[in-house]
Amino acid sequence: MTQFAVWAPVPQRVRLDVDGTRHDMDRADDGWWRAEVTARPDARYGFVLDDDDTVLPDPRSPRQPDGVHERSQLWTPAPDAWTDGGWTGRSIEGQVIYELHVGTFTPQGTFDAAVEKLDYLVDLGVDFVELMPVNAFGGTHGWGYDGVLWYAVHEPFGGPDGLVRLIDACHARGLGVLIDAVFNHLGPSGNYLPRFGPYLSSGSNPWGESVNISGPDADEVRRYILDCALRWMRDFHADGLRLDAVHALVDTTAIHILEELSAETDALAEELGRPLSLIAESDLNDPRLITPRDRGGYGMTAQWDDDIHHAIHAAVSGERQGYYGDFGSLQTLATTLKNGYFHAGTYSSFRHRRHGRPLDISTIPATRLLAYTVTHDQVGNRAVGDRPSQNLTSGQLAVKAALVLGSPYTAMMFMGEEWGSSSPFQFFSSHPEPELARATAEGRKREFAEHGWDADAIPDPQDPETFLRSKLKWDEVDDGEHGRLRRLYQQLIALRDKHSEFTDPWLEDLRIDYDEARGWFVMHRGPFAVACNLGVDAVDIPVTGDVVLAWDEPAVGADTTRVPGHSFAIVKSLSTAQRPVDN
């Protein structure tokens, strides 16, 4: 006999459909309906609410073999599916993370195809793979942030069995796995949750209606979120989660849901005997996210830090529009790298108000912030999905890499960044509903046209070619400048692994010199100096010693090192001529 249960306080009657046979369910006072029936291990099932004859998928569906509008399927991994019993895990702090989208990482776009590339990632030197959302969403392909059945795995990627094989293969190679989880909204295609219960609130965010995490009957909705998060780490052996846009989780309760999740994750880690990490994406610049719970924080392991991205990208590229408006100077870059946040109770011209709060760098290690030269957001949310590699020189890309991987922060890269991929990463979707498909395409064009872009130049998200254009071209990896850049990333990661000075997490120990007028910037990491020339012309930088790694050949003198334009040199055992005052 199999126990079926569903929380459905809205309908007055719920029937269970198992392989076409219907069974009445018993309702408890807490809104849960239950029935115990005989069912095959792979039975198809769903729920029929009130007088509507439609069979709806289980809100906690373990598998959706035919898509998010169809019946669910019972699923458990095969007894011999896992071989990672010896995997003891690791925390993400101070590590190198590789973010990828399963559908565009390989030509096949599946978990099994991704397994074939894992040895490449090991050779590159990364420590963790971060999967963009793999929960079930409408259509065959998309970014994954429009999930509607959060417990199920997107079937075109390979379903739950494929995810098991990928994570098991990662652990066999010493790679940790993080899963991007979206709990701030539900997608527009296949969201039947409101028919079961009050999953949504009266509020909204940029992506749709907000999730009810602090209104009436929110306790079961919160449990739905917490159980889903723990499922990825317990049942699928993930080593942690990246939590999407947590600033959109509107929680007015005394114990924020992130604090609750942090506590339950720590308890699960204790039970499993391996570290589990939670990474928050937030644009609030709020240190409470990464402050330990016993000091009044939420206890997240780390958070994405867009200020670091903006400061590096604007300084190197010269872009100043939109949220780059407050960034671009070397002074801003130095302030950001020294303090973790640039906006820390300071005025943001993009937001037209004060923003952020200072981070206590004497108690919060830099490894709780993620630094990156680009993410899926920073590419895909551009009008045409163009990567930095499509606009910058190889030397500029190398400088950005040195600033991120030479910094004290936990480092992350987006797939293909390490070889300057020529593929864009565009916004793509495959909504099966014609009206929704049309609205998505028209909305995308309208949004960017309002910011001055030619509407005809904006890729149609629903056009299959938009998805295909975004796939990585693996034949570039060792080709010319692509191969040279990839080898540089490999060397930077190896240098970071070999010398503990590069992973010293305390920002108080970080010293920075720069010359705004001449365009050079230096991070001092113990006996090492990461000397970057952001300008076009060669410049003499007041550091000297043995060159450990460089992009273009530097010329070391008695008192200075001449670094070519758009290049960097990492110098060890430096001495200085007349070192500028630390800024």
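**Note on the predicted structure**

1. Apart from residues up to four places away in sequence, Gln378 makes contacts with Asp306, His309, His310, Tyr323 and Tyr324. Gln378 is part of helix α10. With a relative accessibility of 6%, Gln378 is classed as buried, because the cut-off for that class is under 20% relative accessible area. Phe342 lies 36 residues from Gln378 along the chain, and the C-alpha atoms of Gln378 and Phe342 are 18 Å apart.

2. The model under discussion is predicted, and its confidence should be stated early. The average pLDDT of the chain is 96, and 98% of the residues reach at least 70. The exception to be noted is the segment of residues 575–581, where pLDDT stays under 50. For this segment the model shows 16 contacts beyond four places in sequence. Where pLDDT is low, predicted coordinates should not be read in detail. The contacts of residues 575–581 should be treated with that reservation.

3. As to overall architecture, the chain contains 14 helices and 29 strands. Its radius of gyration is 25 Å, close to the 25 Å given by the globule rule for 583 residues, so the chain is as compact as a globular protein of that length. Along the principal axes, the C-alpha atoms occupy a box of roughly 85 × 55 × 50 Å.

4. The packing of the chain can be described by burial and by contacts. Of the 583 residues, 58% are buried. Among contacts with a separation of 6 or more, 69% join residues 24 or more positions apart.

5. Surface and charge are considered next. The accessible surface of the chain is about 22200 Å², and carbon and sulfur atoms contribute 47% of that area. The chain carries 52 positive and 89 negative charges, and the mean positions of the two sets are 2 Å apart.

6. Thr375 occupies the loop between β20 (369–372) and α10 (376–380); Gln378, described in the opening point, is located in that helix, α10. Which residues does Thr375 contact, leaving aside its neighbours within four places in sequence? They are Glu99, Trp304, Met412 and Phe414. Thr375 has a relative accessible area of 0% and is therefore buried.

7. Ser262 and Arg293 are best read together. Ser262 belongs to helix α7 (residues 257–272), whereas Arg293 is in the loop between β16 and β17. Ser262 is buried, at 2% relative accessible area; Arg293, at 31% relative accessibility, is partly exposed. Beyond four places in sequence, the contacts of Ser262 are Leu278, Arg293, Tyr298, Gly299 and Met300. Those of Arg293, on the same basis, are Glu259, Ser262, Ala263, Asp266, Tyr298 and Gly299. Tyr298 and Gly299 thus appear in both lists. A further distance relates Arg293 to Glu260: the two are 33 residues apart along the chain, with their C-alpha atoms separated by 9.7 Å.

8. Two residues other than glycine have a positive phi and may be checked in the structure. Asn285 has a phi near 50 degrees, and His352 one of about 60 degrees. Asn285 is found in the loop between β16 (277–280) and β17 (302–304), the loop that also holds Arg293. His352 is found in the loop between β18 (346–348) and β19 (353–355). Are these residues buried or exposed? Asn285 is buried, with 4% relative accessible area, while His352 is exposed, at 62% relative accessibility.

9. Val182 is placed in the loop between β12 (176–181) and α5 (193–196). With 3% relative accessibility, Val182 is buried. If residues up to four places away in sequence are not counted, Val182 touches Pro133, Tyr145, Trp150 and Asp244. Ile290, by comparison, is 108 residues from Val182 in sequence, and their C-alpha atoms lie 19 Å apart.

Note on methods
Residues numbered from 1 in each chain as written. Predicted model: local features only at pLDDT ≥ 70, side-chain atom pairs only at ≥ 80, totals over all residues. Heavy atoms only, no water. pLDDT = per-residue confidence, 0-100. Contact = heavy atoms within 4.5 Å. Helix = DSSP H or I, 4+ residues; strand = E, 2+ residues; numbered from the N terminus. Buried < 20%, exposed > 50% of the residue type's maximum accessible area, 1.4 Å probe, protein only. Rg over C-alpha atoms; globule rule 2.2 N^0.38 Å. Areas by Shrake-Rupley, 256 points an atom, 1.4 Å probe, with all protein chains shown as cover. Lys, Arg positive; Asp, Glu negative; His and termini not counted. Charge placed at Lys NZ, Arg CZ, Asp CG, Glu CD.
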